[in-house]
Each structure stands twice: as structure tokens, then as C-alpha cells.
Amino acid sequence: NIRDKKMLFETSKDRPDLLTKLENDYQSIIPYADKIKNIIPTKNKLTDLTLKLDGLSNDNQVVQTFQFLDQSKKITDNVTANSFKITANGDFKNIVSYLKELEALPLFFDIKNVDILEDGSAGNLNLYGNIYLNDN
């Protein structure tokens with residue numbers, strides 16, 4: 001447990017080495033800090049989110065709509081889960097490609113329900129989920 005490790009750390013003869021290792025580990029994490037911070041965007045950066053989604057739909061040649069639903073749930077003091085719906089229409093292969101790229105976006109969201117309809121080469125996507133936003 002943490003208390004035991006703290007005690008071991010405080011009594012360790014290798015304390016200077018452990019501090020150096022901790023500082024080195026911290027330095028190796030710093031380049032990733034912005035990426036980690038951007039996983040949960042702030043509400044004032046929703047324009048960035050919509051631009052990413054628009055770019056995704058343009059790249060995959062699908063027509064997309066994104067809308068927030070009226071449901072949100074407080075997760076922590078600063079983070080809320082906000083329900084959303086995405087609809088996308090286009091060539092079925094492009095819809096599948098769009099969905100794969102959507103899943104790879106560096107954002108913290110979960111998908112609750114996906115309906116994909118195929119009619120010949122045409123496809124329709126209805127996706128429901130939550131995106132997590134920092135309230136600050």
C-alpha cells in the first residue's frame with residue numbers, strides 16, 4: 001500500500017537515487033501533458049471539437065450532423081458527461097471509415113448505441129454517446 005511505500009522511501013538508503021528517478025520520470029511525461037489535457041476539452045473549446053468532426057466528415061465524404069442532447073451528468077467537480085447524437089449519411093464504405101476515424105480521435109467519449117443501415121452502397125449512421133467536458 002501507499003503508506004508502506006512511503007515508509008520504505010523515507011528509510012531507503014537509495015533515497016537520492018529514487019528522487020533522481022522520479023525527476024527523470026516526470027521529465028519524460030511533460031511532452032505528453034498537453035495531449036492528456038486535451039482529451040477532456042473545456043466547454044470554451046467546443047469550436048475545436050466541431051471543426052475536428054467537420055474535417056472528419058469532409059475527409060470521408062459523408063454528410064454529418066452533430067448535436068448535444070439535453071442530458072448531462074456531473075462526473076467530478078470539473079467534468080460533466082454530455083449526451084450527443086451524430087448522424088452521418090453517404091457511401092457505406094465511407095461511413096465505416098468515418099466511424100473508425102471517429103473512434104481514434106484523441107477525446108474522452110463513450111458510445112452508447114450505434115445504428116448503421118446499409119442500402120446498396122448507401123449508408124446511414126446514428127450514433128449516441130457521451131463526451132466528457134471540463135467545465136472550467
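Visitor: How many residues does helix α4 have, and what does α4 reach from its first C-alpha to its last?

Guide: In this predicted model, α4 covers residues 46-59, which is 14 residues. From first C-alpha to last, α4 reaches 20 Å, close to the 20 Å expected at 1.5 Å a residue.

Visitor: Which residues of α4 are buried?

Guide: The general idea comes before the case. An α-helix has 3.6 residues a turn, so residues three or four places apart point the same way. In α4 the buried residues are Leu49, Leu53, Leu56 and Ser57. Seen down the axis of α4, these buried residues fall within an arc of 95 degrees, so they line one face of the helix.

Visitor: Which exposed residues does the face of α4 turned away from its buried side carry?

Guide: That face carries Thr47, Leu51, Asn58 and Asp59, which are exposed.

Visitor: What covers the buried residues of α4?

Guide: The cover includes β1 (63-74), α5 (92-103) and β4 (122-134).

Visitor: And the two ends of α4?

Guide: Just after α4, Gln61 takes a positive phi of about 55 degrees. On the other side, Lys45 lies in the loop between α3 (33-38) and α4. Lys45 counts as partly exposed, at 40% relative accessibility. Lys45 and Leu133 are 88 residues apart in sequence, and their C-alpha atoms are 9.5 Å apart in space.

Visitor: Where does α4 stand in the order of elements of the protein chain?

Guide: From the N terminus on, the elements run α-α-α-α-β-β-α-β-β. The protein chain has five helices and four strands. Of its 136 residues, buried residues make up 25%. Among contacts with a separation of 6 or more, residues 24 or more positions apart account for 61%.

Visitor: Can α5 be read as α4 was?

Guide: The steps carry over. The 12 residues of α5 should span 16 Å at 1.5 Å a residue, and its end C-alpha atoms are 17 Å apart, which agrees. Ile95, Tyr98, Leu99 and Leu102 are buried in α5. Down the axis of α5, its buried residues fall within an arc of 100 degrees, so they line one face of the helix.

Visitor: What do the buried residues of α5 pack against?

Guide: They pack against α4, β1, β2, β3 and β4. The face of α5 turned away from its buried side carries the exposed residues Lys93 and Lys100.

Visitor: In which sense do β1 and β2 pair, and over how many bridges?

Guide: For strands in general, one idea helps. In a regular strand the side chains alternate between the two faces of the sheet. Here β1 and β2 pair in the antiparallel sense over nine bridges, and a hairpin of four residues joins β1 to β2. As an example of a bridge, the partner of Gln67 in β2 is Lys85.

Visitor: How many bridges are there between β2 and β4?

Guide: β2 and β4 pair over 13 bridges, in the antiparallel sense. Ala88 stands opposite Leu125 in β4.

Visitor: How is an aromatic pair read?

Guide: A pair of aromatic rings is described by the distance of the centres and the angle of the planes. In this structure the count comes to three aromatic pairs. One of them is formed by Phe66 and Phe68, edge-to-face, with 5.1 Å centre to centre and 85 degrees between the planes. Phe66 is partly exposed, with a relative accessible area of 21%, and Phe68 is partly exposed as well, at 32%.

Visitor: How do Phe84 and Phe109 pair?

Guide: Phe84 and Phe109 form an edge-to-face pair, 6.4 Å centre to centre and 75 degrees between the planes. This pair links distant parts of the chain: Phe84 is in strand β2 (residues 79-91) and Phe109 in strand β3 (residues 109-119), 25 residues apart. Phe84 is buried, with a relative accessible area of 4%, and Phe109 is buried with 17%. Ring pairs link Phe66, Phe68, Phe84 and Phe109 into a cluster.

Visitor: Which side chains meet in a salt bridge?

Guide: Side chains of opposite charge can pair when their charged atoms come close. The count here comes to one salt bridge. The side chains of Asp110 and Lys112 meet in it, at 3.7 Å, N to O. Asp110 is partly exposed, with a relative accessible area of 22%, whereas Lys112 is exposed, at 58%.

How values were computed. Residues are numbered from 1 along each chain as its sequence is written. This is a predicted model: local features need pLDDT of at least 70, side-chain atom pairs count only at pLDDT 80 or more; totals for chains, interfaces and linings use all residues. Side-chain values use heavy atoms; hydrogens and water are left out. The expected span of a helix is 1.5 Å times one less than its number of residues. Buried means under 20% relative accessible area, exposed over 50%, partly exposed in between (1.4 Å probe, protein chains only). The arc is that of the directions from the helix axis to the C-beta atoms. Contact means heavy atoms within 4.5 Å. Rings of Phe, Tyr and Trp (its six-membered ring) pair if their centres lie within 6.5 Å; planes under 30 degrees apart count as stacked, over 60 as edge-to-face and the rest as tilted. Two strands pair if DSSP finds at least two bridges between them. A salt bridge is a side-chain nitrogen of Lys or Arg within 4 Å of a carboxyl oxygen of Asp or Glu.
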